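Here are my notes on this model, set out as numbered points. Have the structure open while you read.

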Amino acid sequence: MSDDAQVLLTLVISPMLEHDVIDHLLSMGETGFLSFAGSGHGGSGREMSIVEQVAGRQKRVVFQIHAPHVRAIAIRDELASAFGGAELHYWLTPVLESG
């Protein structure tokens, strides 16, 4: 994939980090990203509270950032560095078309 190819960076984090991640993204100059509530299913039992184990899901916040591939990697790396040790799950998806 070329560095300027457009991708969608999807991040999944704990709700406890939501405001810190938003502040960090804004301080990095990122604008136009999305964030919304989500539920994580199938996590390790030791990572889940008793309430989450009974409910079968964990509350999560999902971020989506549309950016060139090289920029998405830089964002991912910066967040991993800033929030090292925090549960941060991500994936990159090619964007075939946008408008």
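**Notes on the fold, core and cavity**

1. Let me start with a strand pairing: strand β2, residues 34-40, lies antiparallel to β3, and seven bridges hold the pair. One place to look is A37, whose bridge partner in β3 is V61. Keep in mind that this is a predicted model, so every value here is computed from predicted coordinates.

2. Now the overall layout. The protein chain has three helices and four strands, and along the sequence they come in the order β-α-β-α-β-α-β. Of the 99 residues in the protein chain, 28% are buried. Look at the contacts with a separation of 6 or more: 78% of them in the protein chain link residues 24 or more positions apart.

3. What does β1 pair with? β3 is one partner, antiparallel over eight bridges, and strand β4 (residues 88-94) is another, also antiparallel, with seven bridges. V12 shows both pairings: it stands opposite V62 in β3 and opposite H89 in β4. Elsewhere along the β1 and β3 pairing, L9 stands opposite I65 in β3.

4. How enclosed is β1? Six of its eight residues are buried, so the rest of the structure largely encloses this strand. Just past β1, S14 sits in the loop that leads to α1. With a relative accessible area of 18%, S14 is buried, because the cut-off is under 20%. Setting aside neighbours within four places in sequence, S14 is in contact with R60 and E87.

5. On to the core. The largest nonpolar core has 16 residues, and V21, L25, F63, I65 and L79 are the ones with the most contacts inside it. At least two residues of this core come from each of β1 (6-13), α1 (18-27), β3 (58-68) and α3 (69-82). That list holds both strands and helices, so I'd colour the four elements separately when you view them.

6. L25 is a good residue to centre on. Beyond its neighbours within four places in sequence, L25 is in contact with E30, F33, F63, I65, I75 and L79. Among those partners, F63, I65 and L79 also appear in the list of residues with the most contacts inside the largest nonpolar core.

7. Is I65 buried or exposed? I65, which lies in strand β3, counts as buried at 3% relative accessibility. Leaving out neighbours within four places in sequence, the residues in contact with I65 are V7, L8, L9, L11, L25, E30, F33 and I75. Another long-range relation to check is with L34: the two are 31 residues apart along the chain, yet their C-alpha atoms are separated by 6.7 Å.

8. V62 is also in strand β3, and at 12% relative accessibility V62 counts as buried. Beyond neighbours within four places in sequence, V62 is in contact with T10, L11, V12, L34, S35, F36 and G38. One of these, V12, is the residue that stands opposite V62 in the pairing of β1 with β3. For a C-alpha to C-alpha distance, try V62 and S39, which are 9.1 Å apart in space and 23 residues apart in sequence.

9. Which residues line the largest cavity? They are I13, L17, V21, L79, F83 and L88, and the lining divides into six nonpolar, no polar and no charged residues. The volume of this cavity is about 30 Å³, and the structure holds one cavity of 30 Å³ or more. V21 and L79 from the lining are also among the residues with the most contacts inside the largest nonpolar core.

10. Finally, a residue outside the buried class. R71, found in helix α3, is partly exposed, with a relative accessible area of 29%. Apart from neighbours within four places in sequence, R71 is in contact with M28 and E30. E30 turns up in the contacts of L25 and I65 as well. R71 and Q6 are 65 residues apart in sequence and 9.4 Å apart in space, C-alpha to C-alpha.

Methods. Residues are numbered from 1 along each chain as its sequence is written. This is a predicted model: local features need pLDDT of at least 70, side-chain atom pairs count only at pLDDT 80 or more; totals for chains, interfaces and linings use all residues. Side-chain values use heavy atoms; hydrogens and water are left out. A nonpolar core is a set of buried Ala, Val, Leu, Ile, Met, Phe, Trp, Tyr and Cys residues joined through side-chain atoms within 4.5 Å. Buried means under 20% relative accessible area, exposed over 50%, partly exposed in between (1.4 Å probe, protein chains only). Contact means heavy atoms within 4.5 Å. Two strands pair if DSSP finds at least two bridges between them. On a 1 Å grid over the protein atoms alone, a cavity is a set of points where a 1.4 Å probe fits but cannot get out, and a pocket is an open set with protein on both sides within 12 Å along at least five of seven lines; lining residues have an atom within 4 Å of a point. Grid points are joined across faces, edges and corners, and a volume is the space filled by probe spheres set on the points. Ala, Val, Leu, Ile, Met, Phe, Trp, Tyr, Cys and Pro count as nonpolar, Asp, Glu, Lys and Arg as charged, and the others, Gly among them, as polar.
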